[in-house]
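Visitor: I am new to this structure and would be grateful for a close look at a single part of it. Please take one residue as the point of departure and explain its surroundings step by step.

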Amino acid sequence: MSGPVRVAVIIGSTREGRAGEDVARWFLGLARGRDGLDVDVLDLAGFDLPARYECEVTPGVAAFTERVDRADAFVIVTPEYNHSFPASLKQAIDYAYDEWQAKPVGFVAYGHGSEGLYAIEHLRTISTELHMVPVRGRVNLDLLAGGTGGDGPARAAEAMLDQLTWWALATREARAARPYVS
């Protein structure tokens with residue numbers, strides 16, 4: 001299989017007044033400027049995901065999991081709330097299973113002080129359990145100390161995208177050659 005790497009950028013916060021849209025817009029400017037990437041934005045605030053796990057798949061869940069399934073790789077943009085990531089993101093992650101498997105994931109996290117590090121560490125654990133491939137590179141933003149300003153965040157994003165692209169191509173080729181079995 002050839003063609004551009006399909007990257008789904010997931011905006012994990014659904015709070016009113018969230019910083020996630022601005023952080024995602026900054027990151028999308030970098031990602032969309034790269035050759036070989038086809039970027040899709042999955043803003044959880046735009047999906048009608050039920051508050052509890054239904055017995056039947058709802059249209060909102062079907063729409064979300066279909067977009068997850070189409071992706072070759074993921075970048076999760078998440079705030080850090082209470083030393084973790086938001087419940088809206090965990091709920092969305094749990095609505096898919098096979099769709100995540102054998103695909104890489106990178107993280108762009110933001111917060112105050114810890115720069116979203118705790119949120120990323122929790123997401124790495126969950127990603128591994130879902131048979132995803134978390135890349136080592138990450139973007140950590142302290143919104144009180146400049147956020148996306150300066151060269152550091154952009155360099156971190158470029159490095160993470162380099163790793164994500166490499167793993168996306170490798171896992172896409174592997175999935176095409178033989179089905180992944182969990």
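Guide: Let us begin with F47, which is buried, its relative accessible area being 14%; the value lies under the 20% that serves as the limit for a buried residue. The model under discussion is a predicted one.

The ring of F47 has a partner. The centres of the F47 and F64 rings are 5.4 Å apart and the planes stand at 80°, so this pair is edge-to-face. F47 belongs to the loop between β2 and α2, whereas F64 belongs to helix α2, so the pair ties together parts that are 17 residues apart in sequence. F64 is buried as well, with a relative accessible area of 0%.

A second aromatic pair is made by F74 and W100, which is also edge-to-face, with 4.8 Å from centre to centre and 65° between the planes. Here F74 lies in strand β3 and W100 in the loop between α3 and β4, so parts that are 26 residues apart in sequence are tied together by the pair. Both of these residues are buried: F74 has a relative accessible area of 0%, and W100 has one of 1%. F47, F64, F74 and W100 together form one aromatic cluster.

The loop that holds F47 contains a further residue of interest. P50 is found in the loop between β2, residues 37-43, and α2, residues 59-70. P50 counts as buried, at 13% relative accessibility. Leaving aside residues up to four places away in sequence, P50 touches T58, V61, Q91 and Y95. One of these, Q91, is 41 residues from P50 along the chain, and the C-alpha atoms of the two are separated by 9.0 Å.

Another of the residues touched by P50 is Y95, which leads to helix α3. In this helix, residues 87-95, the buried residues are S88, L89, A92, I93 and Y95. They cover an arc of only 155° around the axis, which puts them on the same side of α3. An α-helix has 3.6 residues a turn, so residues three or four places apart point the same way. The buried residues of α3 pack against β1, α2, β3 and α4.

We may now turn to β3, the strand that carries F74. Seven of the seven residues of β3 are buried, so the strand is largely enclosed by the rest of the structure. In a regular strand the side chains alternate between the two faces of the sheet. From β3, A73, V75, V77 and P79 point one way, while F74, I76 and T78 point the other way, and all are buried.

The strand has its place in a sheet. This sheet is open and has five strands in the order β2-β1-β3-β4-β5, with parallel pairing. At its edges are β2 and β5, residues 133-142, each of which pairs on one side only. On average, neighbouring strands of the sheet are turned by 20° against each other, direction ignored. Helix α2, to which F64 belongs, packs on the sheet and touches β1, β2 and β3; its direction makes about 160° with that of β2. Helix α4, residues 117-129, also packs on the sheet, where it touches β3, β4 and β5, and its direction makes about 165° with that of β5.

The pairing of β3 can be followed on both sides. The parallel strands β1 and β3 are joined by five bridges, and V9 stands opposite V75 in β3. Strand β3, residues 73-79, is joined to β4, residues 104-111, by six bridges, and these strands too run parallel. In β4, G106 is the bridge partner of V75, and Y110 is that of P79. From β3 the chain crosses through α3 to β4, and this β-α-β crossover is right-handed.

Strand β1 leads back towards the starting point. Six of the seven residues of β1 are buried, so β1 is largely enclosed by the rest of the structure. Seven bridges join it to β2, and the two strands run parallel; one bridge partner pair is R6 with D38 in β2. A right-handed β-α-β unit is made by β1, helix α1, residues 20-31, and β2. Between β2 and α2 comes the loop in which F47 lies.

Note on methods
Residues numbered from 1 in each chain as written. Predicted model: local features only at pLDDT ≥ 70, side-chain atom pairs only at ≥ 80, totals over all residues. Heavy atoms only, no water. Helix = DSSP H or I, 4+ residues; strand = E, 2+ residues; numbered from the N terminus. Buried < 20%, exposed > 50% of the residue type's maximum accessible area, 1.4 Å probe, protein only. Contact = heavy atoms within 4.5 Å. Pairing = 2+ DSSP bridges. Axes fitted to C-alpha atoms, helices over the stretch in contact; angles between N-to-C directions. Arc of directions from axis to C-beta. Right-handed = clockwise from strand over helix to strand, strands pointing away. Phe/Tyr/Trp six-rings, centres within 6.5 Å; stacked < 30°, edge-to-face > 60°.
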